[in-house]
Amino acid sequence: MPKSLYIDPNEVLRPEEHEIVFPKVPVMQYKKTVKEELAEGNFSKEDLLRIYHDMFVIREFETMLNLVKTTGGYNGVEYNNPGPAHLSAGQEAAAVGMAYALDTDDYIFGSHRSHGEILAKGLRSIEILSDEELEKVMNEFWDGATVAVAKKGFEGSTKELGKRFLLYGAMAEIFARTTGFNKGLGGSMHTFFTPFGIYPNNAIVGGSGSIAVGAALYKKVNRKKGIVVANLGDGSMARGPVLEGMTFASMDQFNTLWEGDMKGGLPVLINVMNNQYAMGGQTRGETMGYTFPARLGAGFKPDAMHAERVDGYNPLAVIDAFRRKKALLEAKQGPALLDVVTYRYSGHSPSDQSSYRTPEEIKAWEKEDCIVAFGNKLIEAGVADQATLDAIQQQVKDLTFDCYKLAIDEELSPRMDLKTNNELLGEMMFSNQSIDSLGDAQPDVLMPLEDNPRVKQLAGKERFYVDKNGKPVSKMKTFGIRDALFEAIADRFYKDSTLIAYGEENREWGGAFAVYRGLTEALPYHRLFNSPIAEAAIIGTAIGYAMCGGRVIPEIMYCDFLGCCGDEIFNQLPKWQAMSGNILKMPVVVRVSVGSKYGAQHSQDWTSLCTHIPGLKVVFPVTPYDAKGLMNSALQGTDPVIFFESQRIYEIGEQFHEGGVPTEYYEIPMGEPDVKRVGKDVTFLTIGATLYRALKAADMLKEKYGMEAEVIDARSLVPFNYEKVLESVKKTGRIIIAGDASARGSFLNDLATNIADMAFDYLDAAPVVLGSRNWITPCHELEDAFFPQPEWFLDAINEKMVPLKDYTPVCNMTAAQQIIRAKKGI
Ligand SMILES: Cc1ncc(C[n+]2csc(CCOP(=O)(O)OP(=O)(O)O)c2C)c(N)n1
Ligand SMILES: [Mg+2]
């Protein structure tokens with residue numbers, strides 16, 4: 001079904017179309033005094049004192065961390081903190097201003113320098129939650145373990161306890177204690193606390209740039225309250241995920257194609273904490289050309305993302321901007337961008353000697369210090385006198401010291417005991433849940449599934465590769481892998497209201513390989529859409545979507561493009577479940593198509609890159625029965641799955657499962673290899689589409705040499721159950737492990753090593769790895785020299801296992817040749 005948007009040459013080619021006018025981007029437009037704000041009723045005196053208080057909480061918290069790092073203690077109590085401490089002294093007004101107008105339902109995401117932001121947002125939530133709500137949050141968190149420590153030696157109100165809970169929970173996390181907000185597994189650069197609307201901070205500069213956009217997508221698609229703020233450094237504005245995230249957030253389709261209550265922009269605010277520096281690189285004048293980060297908004301949307309540059313040294317200016325931007329986002333006019341000008345006079349880290357700037361510059365900014373300046377304004381406006389401010393400071397210092405002593409106490413705040421239980425962290429890598437639907441709403445669909453034209457078409461297909469008479473079914477009539485995947489995914493779309501799928505050309509094309517064909521008719525835009533060509537944003541937004549509680553299928557069109565979303569696949573997707581202390585689930589099924597025919601940048605099998613990363617499940621089914629069963633399992637689960645598909649065999653029919661592919665729902669557990677042919681003389685263990693070449697090899701072996709190969713299809717790579725393979729090897733004494741990944745450094749070698757280790761006594765020869773050559777993938781006409789071929793299996797048997805009678809090898813598999821190649825690095 002084509003889109004309704006009509007591209008009219010008469011309009012597009014008109015000269016007016018070529019005149020591009022950028023809107024004015026306001027700079028430092030806030031001018032009000034404290035007295036004026038009071039007179040207008042925008043703040044009460046208590047509000048203003050709270051702002052002062054919250055800024056000082058951040059200052060003292062980080063003073064403590066700085067002293068611990070630089071002097072080995074705080075207030076005479078020694079402690080060694082070997083971990084990072086990226087401090088933000090100078091930026092407190094920007095943080096408190098950011099959080100002041102936000103509700104608990106509004107989410108913030110941050111960076112490596114986000115202590116101030118999480119404290120500000122936490123204090124804000126404590127302020128607006130009722131005592132009952134706050135108590136519930138604290139009592140339920142880690143079954144009350146964190147609040148129990150915060151209560152030590154404390155008597156006072158629930159709100160005061162809330163503050164202790166916040167400071168203690170954050171400190172304990174920074175000091176790697178199990179009572180910390182993320183069990184001590186996130187630490188300084190990642191800590192967060194979702195009950196206060198504080199979502200993950202990110203040690204990868206700009207990492208939050210696309211993840212936050214995905215969180216906003218979750219809120220929009222699932223009709224949840226609140227906006228999302230991505231707190232990013234000025235240096236991060238050069239990073240791919242930020243620019244791709246902004247592209248994704250700015251898509252026209254939210255306004256042109258999404259319908260009904262879904263029409264309108266994403267509720268996301270890109271908030272640049274513009275402290276003028278990256279680590280030592282000055283963004284303005286040196287490493288960037290934007291002068292003002294606010295200018296970037298103009299490149300993304302005709303409304304320039306409502307960008308504004310505000311005085312981040314004045315909390316009231318920031319609050320003013322946030323109040324306006326929040327209203328705008330709630331009116332579905334997002335995304336928005338703020339360039340909050342501030343300065344860190346702390347170093348990048350406490351060991352930083354600030355060699356990249358002059359002491360005069362730091363002093364000049366310290367002279368304008370946001371806390372001192374705001375205090376003076378409060379005194380001037382008669383809101384407080386110096387004694388009141390001093391009392392606030394003393395109270396905060398006492399609180400910080402109390403929490404510090406609790407957080408460094410080895411008994412009250414222990415670390416995870418990996419000595420007694422060495423498997424503890426391993427058990428946290430996956431959530432392994434089985435959940436039909438992550439939402440409780442009725443799924444938004446456009447027609448009953450049974451009325452879908454593709455479903456009707458599939459009803460007429462043969463679900464086994466031969467008919468009742470053993471005659472091969474025609475291509476048109478065969479129920480293939482493409483159909484099997486469609487069936488599993490369509491079923492889940494009708495079960496789980498949170499499920500969405502997107503990627504390049506996912507809608508009208510049905511994905512580049514037409515798996516989704518038919519779903520365009522069935523699903524509204526907000527559940528299936530075309531994304532920009534922005535792989536980092538495709539995966540990054542999916543991560544944000546899943547973090548907030550949704551299920552999602554992002555698609556990477558070709559395996560080779562995994563490199564374009566390397567950070568998201570390697571650093572984000574696999575890490576957050578364990579790094580959150582198992583607070584977050586990550587139900588993301590990344591569909592990745594492995595190519596052939598299209599040369600060096602479109603035909604690589606990168607399964608091994610994914611198996612290498614702890615925290616990803618990796619599957620590669622190559623039959624329709626396995627594809628449907630494994631897709632069902634992946635979509636029923638709560639873990640990130642890299643779901644590989646082979647472009648060579650989307651049409652292939654089911655040859656192995658008797659009775660063909662069931663029409664009803666079934667799951668194939670991840671991790672279970674499958675014996676596709678029984679044999680006794682040698683085992684072939686295959687990954688991906690090499691299965692079919694291995695079967696050909698098995699035929700040749702039987703025909704010409706009377707040997708029977710047992711052929712096992714790995715199906716899953718992570719997890720992987722070795723038992724069936726070991727059973728086979730015990731019988732055959734020989735194994736060839738084959739796949740299309742380049743052999744060097746591959747998972748094939750990993751399997752070989754482990755099998756040699758576990759089945760040493762049963763093997764007559766060392767396991768042999770048959771991977772692709774360590775070359776570029778050549779053009780289609782030359783591919784047979786690159787990917788493992790049926791003859792190669794025989795070559796391997798002849799060279800490494802048993803000589804085959806009168807055999808002429810196709811490839812040189814001698815050890816001498818292996819050495820020559822390795823010397824050359826090929
Ligand atoms: C992708 C990536 N590149 C480099 C780094 C090392 N690094 C950590 S912080 C930083 C500077 C970031 O500057 P900015 O985004 O302005 O944040 P700020 O430190 O000023 O708060 C760099 C280069 C990193 N953590 N991640
Ligand atoms: Mg910076």
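This briefing walks through some local features of the structure above, topic by topic. Keep in mind that you're looking at a predicted model. There's a magnesium ion held by three named residues, Asp-234, Asn-275 and Tyr-277, and there are 42 salt bridges to explore. We'll also visit two surface patches, one negative and one nonpolar, and then some quirks of the backbone.

**The magnesium site**

- Start with the magnesium ion (ligand 2), which is coordinated by Asp-234 through OD, by Asn-275 through OD1 and by Tyr-277 through O.
- The distances in this site run from 2.0 to 2.1 Å.
- If you want to find the donor residues in the sequence, look for the spacing D-x40-N-x1-Y.
- Asn-275 and Tyr-277 are both buried.

**Salt bridges**

- The structure holds 42 salt bridges in total, and here are a few to look up.
- Glu-40 and Lys-32 pair up through their side chains, with N and O at 3.0 Å.
- Glu-40 has a relative accessibility of 46% and so counts as partly exposed, and Lys-32 is partly exposed too, at 32%.
- Next, try Lys-325 and Glu-308, whose closest N and O atoms are 2.8 Å apart in their salt bridge.
- Lys-325 belongs to helix 13 (residues 315–330) and Glu-308 to strand 7 (residues 308–311), so this pair ties together parts that sit 17 residues apart in sequence.
- Both ends of that bridge, Lys-325 and Glu-308, are buried.
- Then there's Asp-806 with Lys-805, a salt bridge whose closest N and O atoms are 3.6 Å apart.
- Here Asp-806 and Lys-805 are both exposed.
- Salt bridges can also share partners: Asp-626, Asp-674, Lys-676, Asp-713 and Arg-715 are joined into one network that way.

**Patches on the surface**

- Asp-131, Glu-132, Glu-133 and Glu-135 form a negative surface patch.
- One of them, Glu-133, sits in helix 6, which covers residues 131–140.
- Why can Glu-133 be part of a surface patch? Patch residues need over 30% relative accessible area, and Glu-133 is partly exposed, with 43%.
- For a nonpolar patch, look at Ile-7, Val-12 and Leu-13, which make one of about 330 Å².
- Ile-7 lies in the segment before helix 1 (9–12).
- With a relative accessible area of 69%, Ile-7 counts as exposed.

**A long way across**

- Ala-39 is in helix 2 (residues 34–39), and its relative accessibility of 69% makes it exposed.
- How far apart are the C-alpha atoms of Ala-39 and Lys-805? They're separated by 100 Å, and the two residues are 766 residues apart along the chain.
- You've already met Lys-805: it's the salt-bridge partner of Asp-806.

**Cis peptide bonds**

- Gly-334 and Pro-335 are joined by a cis peptide bond, with omega at about 0°.
- You'll find Pro-335 in the loop between helix 13 and strand 8 (336–341).
- The peptide bond from Val-718 to Pro-719 is cis as well, and its omega is near -5°.
- Pro-719 also sits in a loop, between strand 18 (716–718) and helix 26 (723–732).

**Positive phi angles**

- Arg-223 isn't a glycine, yet it has a positive phi of about 55°.
- Where is Arg-223? Check the loop between helix 9 (208–221) and strand 5 (228–233).
- Arg-223 is partly exposed, with a relative accessible area of 45%.
- Lys-332, not a glycine either, has a positive phi of about 60°.
- Look for Lys-332 in the loop between helix 13 and strand 8, where Pro-335 is found too.
- Lys-332 is partly exposed, at 34% relative accessible area.

Methods. Residues are numbered from 1 along each chain as its sequence is written. Chains are lettered from A and ligands numbered from 1 in the order in which they are written. This is a predicted model: local features need pLDDT of at least 70, side-chain atom pairs count only at pLDDT 80 or more; totals for chains, interfaces and linings use all residues. Side-chain values use heavy atoms; hydrogens and water are left out. Patches are made of residues with over 30% relative accessible area and no salt bridge: like charges are joined within 9 Å, nonpolar side chains (Val, Leu, Ile, Met, Phe, Trp, Tyr) within 5 Å. Accessible areas come from the Shrake-Rupley method with a 1.4 Å probe; for residues, only the protein chains shown count as cover. A salt bridge is a side-chain nitrogen of Lys or Arg within 4 Å of a carboxyl oxygen of Asp or Glu. Lys and Arg count as positive and Asp and Glu as negative; His and the chain ends are not counted. The place of a charge is taken as NZ of Lys, CZ of Arg, CG of Asp or CD of Glu. Helices (H or I, at least four residues) and strands (E, at least two) are DSSP runs, numbered from the N terminus. Buried means under 20% relative accessible area, exposed over 50%, partly exposed in between (1.4 Å probe, protein chains only). Donors are N, O and S atoms within 2.8 Å of the metal (3.2 Å for Na, K and Ca); water is not among the atoms, so sites may look incomplete.
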